[in-house]
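Welcome! Here is a short tour of the inside of a protein model, written for someone meeting it for the first time.

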Amino acid sequence: MTTGTDEQYDYIWKVVLVGDSGVGKTNLLSRFTKNEFNSESKSTIGVEFATRHLTIKGKTIRAQIWDTAGQERYRAITAVYYRGAVGALVVYDITKAQTFENLSKWLQELKEHADGTARIMIVGNKTDLRHLRAVTMEDGRALAEKGKYSFIETSALDSSNVAEAFNNLMVDIFKSQVEENSPTHTGNHGNNKDSVTLPGDDDSGDKSQNACGC
């Protein structure tokens, strides 16, 4: 158990949000941590992060979720923030095919800079604009299955599947980081869906900050 002056948690995990600029990473983060959406949010400069506590199978997880800049000119700044990440949401905009095609670049960056055991989820965002869809759900799922990643489609605007995306990734990390390293691990999780508990308003977004240093 790790303790602080006013908080307790069993594990602290670093998760990164990556993808092209404008795919909605910042709003996914603010929707999950503060239940807010800003239609006029500006592109992230460098890296920002927020924290959220979750409980999985009685263990308290402190998730540090890092929102990385999508613009090419910030790559040198943000690459260092992949280090130590045990999970990643790789996001594209379902209305912009190019953002989907660029996923290969982001996945390669994760491979080069993140923890080798990092769990990855492919996220097709902006399902509220499904009438403008340029990438089918089948294409997204096929890419995820090819790389053995998890997959989900979300909308930060109407909050569809946002909590599910983060929660499912956290459960996946829990299985990888905790259960598979447990001496009692049997190697079979079955089909049971692990529950995730989100505390009310612990530090949801209150500790968001710009970590660019530039």
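The points below cover the nonpolar cores and then one strand, β6.

This is a predicted model. A good place to begin is its largest nonpolar core, which has 29 residues. From there we can turn to β6, a strand with seven of its seven residues buried.

**The largest nonpolar core**
- W13, L89 and M170 touch the most other members of this 29-residue core.
- At least two core residues come from each of β3 (11-19), α1 (25-34), β4 (47-56), β5 (59-68), β6 (87-93), β7 (119-125) and α6 (162-177).
- Helix α6 gives the largest share, with eight residues.
- Leaving aside residues up to four places away in sequence, L89 touches V16, L17, V18, M121, V123, A165, F166 and L169.

**A second core**
- Another core, of 23 residues, lies apart from the largest one, and its members include Y82, F100, L103 and F151.
- As background, nonpolar side chains in soluble globular proteins tend to be buried together.

**Strand β6 and its surroundings**
- Because seven of its seven residues are buried, β6 is largely enclosed by the rest of the structure.
- In a regular strand, side chains alternate between the two faces of the sheet.
- Both faces of β6 are covered, with G87, L89, V91 and D93 buried on one side and A88, V90 and Y92 buried on the other.

**Strand partners of β6**
- β3 pairs with β6 in the parallel sense over five bridges, and V18 stands opposite V90 in β6.
- β7 also pairs with β6 in the parallel sense, over seven bridges, and Y92 stands opposite G124 in β7.

Conventions: Residues are numbered from 1 along each chain as its sequence is written. This is a predicted model: local features need pLDDT of at least 70, side-chain atom pairs count only at pLDDT 80 or more; totals for chains, interfaces and linings use all residues. Side-chain values use heavy atoms; hydrogens and water are left out. A nonpolar core is a set of buried Ala, Val, Leu, Ile, Met, Phe, Trp, Tyr and Cys residues joined through side-chain atoms within 4.5 Å. Buried means under 20% relative accessible area, exposed over 50%, partly exposed in between (1.4 Å probe, protein chains only). Helices (H or I, at least four residues) and strands (E, at least two) are DSSP runs, numbered from the N terminus. Contact means heavy atoms within 4.5 Å. Two strands pair if DSSP finds at least two bridges between them.
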